[in-house]
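I opened this one up to practise looking things up residue by residue. Here are my notes, in the order I made them.

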Amino acid sequence: NGPNGDDEVPAAAPDDTSGIFVSLHSYSDLVLWPWGFDGHGMSPNHDQLRTIGRKLAFYTGYDPTGSIWYDVDGATDDWTYGKFGMASYTFEVGPPEGVCSGYMPPYDCIDGYAGRDFWAENRPAFLYAHKIARTPYMTAYGPDTGDVAATPARSSPGTIVTLTATIADQRYGTDLLQPISAAEYFLDAPGVDGTGVAMQSGDGTWGGLSEAVEAAVDTTALPLGRHYALVHGRNEQGVWGPFSAVFLTVSGPPSLLYLPLVMHDSGS
């Protein structure tokens with residue numbers, strides 16, 4: 001992120017900066033972001049980091065406090081943000097007290113056998129982080145896409161496949177929600193936002209905080225094999241959210257299995 005040295009506070013990272021970093025620690029069920037040093041002053045990208053951090057907390061259920069209650073010099077997320085400008089976070093995983101608390105919680109807390117399921121709690125946030133990683137400072141302001149389906153999922157060439165999804169703005173706590181104004185899809189590769197194939201609102205009108213959307217995909221020109229559709233939505237502020245994907249397979253007519261007919265002379 002520019003010529004900043006290890007001991008310099010950088011300028012704000014550009015809006016289109018790519019990359020996202022998450023460091024996992026124990027404990028206290030928190031989502032933290034820079035800065036952790038020097039009295040917890042605000043970083044140059046504070047508002048964007050806060051928006052993403054609170055969205056991650058929506059998925060984990062943790063407290064998006066932003067900074068821990070004491071100064072931390074040399075935190076990894078401070079360095080990755082300060083040096084590279086990428087959106088960087090620390091998850092403090094595990095409760096403040098109880099069986100799954102402490103710096104070394106029982107391993108059973110990871111997969112639900114000791115009253116907590118750390119993996120299940122964090123998996124949705126990890127997936128969301130992957131989805132916004134291309135441009136997190138921008139994409140996190142857009143709506144989410146869920147329940148993506150292609151019906152039928154396997155078809156022959158020329159079949160019309162119905163592509164459906166739900167576009168919804170989802171935020172932590174009382175964070176402001178934005179109405180949905182559009183949705184689109186791309187096949188087999190993402191394109192420039194706003195240049196995909198438009199999808200229709202299920203009820204014929206836009207403006208809800210959650211919209212069921214659909215499109216008819218003509219498979220006539222698609223090569224045989226497995227394809228994927230990328231779907232995302234736009235809010236009334238003009239911001240496109242992250243993609244969600246679904247596979248659809250185009251296959252030819254079933255091949256016939258020919259078995260040789262062998263004649264045997266049974267003799268006389």
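**Entry 1: helix α1.** Reminder to self: this is a predicted model. I began with α1 and listed its buried residues: His 46, Gln 48, Leu 49, Thr 51, Ile 52, Gly 53, Arg 54, Lys 55, Leu 56, Ala 57 and Thr 60. That makes 11 of its 15 residues, so I'd call α1 mostly covered, given that buried means under 20% relative accessible area.

Then I checked the length of α1. Its 15 residues, 46-60, should span 21 Å at 1.5 Å a residue, and the end C-alpha atoms sit 20 Å apart, so the two agree. Right after α1 comes Gly 61, and its phi is positive, near 80°.

**Entry 2: helix α3.** I ran the length check again here. α3 also has a count of 15 residues, and from first C-alpha to last it reaches 22 Å, close to the 21 Å expected at 1.5 Å a residue. Its buried residues are Phe 118, Glu 121, Asn 122, Ala 125, Tyr 128, Ala 129 and Ile 132. I noted a general point beside that list: an α-helix has 3.6 residues a turn, so residues three or four places apart point the same way.

What do the buried residues of α3 pack against? I found β1, α1, β4, α4 (136-139) and β5 (144-151).

**Entry 3: the cores.** Nonpolar side chains tend to be buried together in soluble globular proteins, and I went looking for where that happens here. The largest nonpolar core has 23 residues, and those with the most contacts inside it are Val 31, Leu 49, Ile 52, Leu 56, Tyr 89, Phe 91 and Tyr 137. The elements giving it two or more residues are α1, β4 (87-92) and α3 (118-132). Which of them gives the most? α3 does, with five residues.

There is also a second, separate core of 19 residues, which includes Ile 180, Met 199, Ala 229 and Val 231.

**Entry 4: Tyr 137 and Asn 45.** I picked Tyr 137 out of the big core and skipped its neighbours within four places in sequence. Its contacts include Leu 49 and Ile 52, plus Ala 13, Pro 14, Tyr 81, Met 86 and Asn 45.

That last one sent me to Asn 45, in the loop between β2 (30-32) and α1. Is Asn 45 buried or exposed? Its relative accessibility is 2%, so it counts as buried. With neighbours within four places set aside, Asn 45 is in contact with Ala 12, Ala 13, Tyr 81 and Tyr 137. I also saw its side chain reach the backbone nitrogen of Ala 13, at 2.8 Å.

**Entry 5: Ser 23.** This serine is in strand β1, residues 20-25. Its relative accessible area is 12%, so Ser 23 is buried. Residues up to four places away in sequence aside, Ser 23 touches Tyr 89, Thr 90 and Phe 91.

**Entry 6: the disulfide.** How many disulfides does the structure hold? I found one. Cys 100 and Cys 109 form it, with their sulfur atoms 2.1 Å apart. The angle about the S-S bond is -90°, and this link is left-handed. I looked up both partners: Cys 100 has 3% relative accessibility, so it counts as buried, and Cys 109 has 0%, so it counts as buried too.

Methods
Residues numbered from 1 in each chain as written. Predicted model: local features only at pLDDT ≥ 70, side-chain atom pairs only at ≥ 80, totals over all residues. Heavy atoms only, no water. Helix = DSSP H or I, 4+ residues; strand = E, 2+ residues; numbered from the N terminus. Expected span 1.5 Å × (residues − 1). Buried < 20%, exposed > 50% of the residue type's maximum accessible area, 1.4 Å probe, protein only. Disulfide = S-S within 2.5 Å. Core = buried A, V, L, I, M, F, W, Y, C linked by side-chain atoms within 4.5 Å. Contact = heavy atoms within 4.5 Å. Polar contact = N/O pair within 3.5 Å; in protein donor to acceptor, adjacent residues only side chain to side chain.
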